[in-house]
Amino acid sequence: MAAASASLSHLLLAPRRRTPPNPSHHPSRPITTALPRRSRPAPAISAAASDLLSPAPSLKSRLAAGDTLYGLFLLSFSPTLAELAALAGYDYVVVDMEHGPGGIPEALACLRALDAARTPAVLRLPEASAVWAKKALDLGPAGLMLPAVESPAAAAEAVSHCRYPPRGVRGAAHPIIRASAYGLDDSYLSRCEDDTLIICQVETATGIAEVDAIAAVDGVDVVQMGPLDLSASMGYLWDPGNRKVRAALREAERKVLEARKKKVAAAAAGNAAYLGGFAMQNDPPEQLKLRGYHMVAGAVDIGMFRKAALDDVKRFREAVMEIGEEGDEEEEKEEKENDGYWSE
């Protein structure tokens, strides 16, 4: 694929060859020997264009470099909102097939929008199964998020769904799938398992009790806390901020973070997953970052639009114009010209 890209760039950037004039078209003009012209060099590729042509760093490499990654959950399956989220600067976007209405075709449209904006996409699967993992991985996401992992055995099985034999059970169609550029990327098989981020969600009381063992399973890159499902499994569906739920989360966080610190400090063998989490109303993303989370999902597109829509309607309903206030409109116009409304 690299060779194909290079040849295409050569064709696009090469200077045009001018056809020398034919003297027979102008018989009255004397024939002269044309002096050789200095060939103009091909235009240099700008820094911005060079960035677009170079591969974006993987989520794994950024985590290894010590970056704290901030992401958005996409439940609308809107490619436009996916693109906007990428342009806004989110480090990754989770396309949510567990709770969102879309499936593989809708997820593919969002992946194309995110790839064009050079933002990694993570697909959250409806369930941790071999069939869903195979179909999702063939699209070429940066990572998979696997729900409701409750034991080390379940985590190991989920990882096996993401690996080709003999290390796993993933079905092989690499010569024709999007993940390998439809067979044009010769390096795909050698790097796909190293590049793909595997995120196991731990979101039940049973899973929390095994969180340190789950984080130690080979191939589990991130353990993602699930506070809402955890509160439901503990009997506090209507009270996700309950002190018992918060205490269980803090204990799980401590175990995962301590294991990660020990591995880094001692350069020890074995796996120690990064810590990921969802921000909640009672636990905002800034707090997760301060507590040491490596990946933080801070917002949901549906929730952001809901809040903006409700606020917009509320402003309109509560607006009251008193007699004699018409002159204030021009003063307020400049303040509101960038508030998201259409301008004419």
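Which helix holds the place of P285? Select P285 in the viewer and it turns up in helix α13. Keep in mind throughout that this is a predicted model.

**Stop 1: P285 and its helix**

With P285 still selected, look at how far it is covered. Its relative accessible area is 16%, and buried means under 20%, so P285 counts as buried. Now add A299 to the selection. The two residues are 14 apart along the chain, and their C-alpha atoms are separated by 8.6 Å.

Next, show the elements on either side of the helix. Strand β7, helix α13 (residues 285-290) and strand β8 make a β-α-β unit, and the unit is right-handed.

**Stop 2: strand β7**

Select residues 274-278, which form β7. Are these residues buried or exposed? Five of the five are buried, so the strand is largely enclosed by the rest of the structure. Turn on the side chains to sort the residues by direction. Y274, G276 and F278 point one way, while L275 and G277 point the other way.

β7 has a parallel partner in strand β6, residues 222-225, with three bridges between them. To find one contact of this pairing, select V222, whose bridge partner in β7 is Y274.

Then select residues 295-300, which are strand β8. β8 also pairs with β7 in the parallel sense, over three bridges. Here G277 is a residue to pick, as its bridge partner in β8 is V296.

**Stop 3: the cavity**

How many cavities of 30 Å³ or more does the structure hold? There is one. The largest cavity has a volume of about 110 Å³. To reach it, select P227, L249, F278, M280 and D283, which are the closest to its centre among the 16 lining residues.

Two elements give two or more residues to this lining: α12 (243-266) and β7. Helix α12 gives the most, with five residues. Colour the lining by class and you should count nine nonpolar, two polar and five charged residues.

**Stop 4: residues 242-269**

Select residues 242-269. An unreviewed UniProt entry lists this stretch as "coiled-coil region". In the model the stretch is 86% helix and 0% strand. Its end C-alpha atoms are 37 Å apart.

**Stop 5: strand β2**

Move to residues 92-96, strand β2, where five of the five residues are buried. Both faces are covered: Y92, V94 and D96 lie on one side, and V93 and V95 on the other.

Select residues 69-74 to bring up strand β1, which runs parallel to β2 and is joined to it by four bridges. In this pairing, L72 has V93 as its bridge partner in β2. Between these strands the chain passes through helix α4 (residues 79-88), and the β-α-β crossover is right-handed.

Now add residues 121-124, strand β3, which pairs with β2 in the parallel sense over four bridges. Pick D96 and look across to β3, where R124 stands opposite.

**Stop 6: L111**

End at L111, which has its place in helix α5 (residues 104-116). L111 has 0% relative accessibility and so counts as buried. Add V93 to the selection: it is 18 residues from L111 in sequence, and the two are 9.4 Å apart from C-alpha to C-alpha. Finally, show β2, α5 and β3 together, as these elements make a right-handed β-α-β unit.

Methods
Residues are numbered from 1 along each chain as its sequence is written. This is a predicted model: local features need pLDDT of at least 70, side-chain atom pairs count only at pLDDT 80 or more; totals for chains, interfaces and linings use all residues. Side-chain values use heavy atoms; hydrogens and water are left out. Buried means under 20% relative accessible area, exposed over 50%, partly exposed in between (1.4 Å probe, protein chains only). Two strands pair if DSSP finds at least two bridges between them. A crossover is right-handed if, with the strands pointing away from the viewer, the path from the first strand over the helix to the second runs clockwise. UniProt positions are given in the numbering used here, feature names are shortened, and annotations may be inferred rather than shown by experiment. On a 1 Å grid over the protein atoms alone, a cavity is a set of points where a 1.4 Å probe fits but cannot get out, and a pocket is an open set with protein on both sides within 12 Å along at least five of seven lines; lining residues have an atom within 4 Å of a point. Grid points are joined across faces, edges and corners, and a volume is the space filled by probe spheres set on the points. Ala, Val, Leu, Ile, Met, Phe, Trp, Tyr, Cys and Pro count as nonpolar, Asp, Glu, Lys and Arg as charged, and the others, Gly among them, as polar.
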